[in-house]
Amino acid sequence: MTGGGKDKAYPLEVVFDFNAMDPASDEEKKLDKQITESLGDGTTLLEMLTDYSGCEEPIRKALNDPGAKTEQAAWKAVSKAVDKLYDFYQYSLSMEKAWPTLLDSVCNDNAVEGIKGNLALTSQIAYIFDFVFHFDEKKMINPAIQNDFS
């Protein structure tokens, strides 16, 4: 792999050992801890999506057969979905806040040195990408997720 732009090329030699990404400085340690705490429940959120069933059926029943029982069931389903969706909204706010901080810390004049010098923060960037890719995958597999988000 090479880098350096259009006119210059240099080999990029960055080795990632995601099991040994200890922060190199106190500043990196502080930021890594802060981001880990704010983004810590991503795996739990993704697991919630795996079992997500959506609200379409209870709503359809309430519309086709109006009554206290069907409306109560629809309201219960919608309320649970709103709670789950709110958790994702809160998580997205955490990612939105963390992202520029991470990029500012890792990206500098020399990208290779920025990555090498901030491996723990680089792993946080990778974690965000991993979450986003898995989140999108789950949305594609289960259309109820996107419908309910809409």
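**A pocket beside helix H4**

About 160 Å³ of space lies in the second largest pocket of this predicted model. A pocket here is an open set of points on a 1 Å grid over the protein atoms alone, where a 1.4 Å probe fits and protein lies on both sides within 12 Å along at least five of seven lines, and lining residues have an atom within 4 Å of a point. The lining includes Tyr52, Gly54 and Cys55, together with Ala77, Lys80, Ala81 and Lys84. Local features need pLDDT of at least 70 and side-chain atom pairs count only at pLDDT 80 or more, while totals for chains, interfaces and linings use all residues. Residues are numbered from 1 along each chain as its sequence is written, and side-chain values use heavy atoms, with hydrogens and water left out.

Helix H4 (a DSSP run of H or I, at least four residues, numbered from the N terminus) covers residues 68-106 and reaches 56 Å from its first C-alpha to its last, close to the 57 Å expected at 1.5 Å a residue, the expected span being 1.5 Å times one less than the number of residues. Among its buried residues are Ala77, Ala81, Leu85 and Phe88, where buried means under 20% relative accessible area, exposed over 50%, and partly exposed in between, with a 1.4 Å probe and protein chains only. An α-helix has 3.6 residues a turn, so residues three or four places apart point the same way.

Of the cysteines, Cys55 is buried, with a relative accessible area of 5%, whereas Cys107 is partly exposed at 46%. Asp32, in helix H1, is also buried, at 15%, and its C-alpha atom is separated by 6.6 Å from that of Ala120, 88 residues apart along the chain.

Key. Helix = DSSP H or I, 4+ residues; strand = E, 2+ residues; numbered from the N terminus. Points joined across faces, edges and corners; volume = space filled by probe spheres on them.
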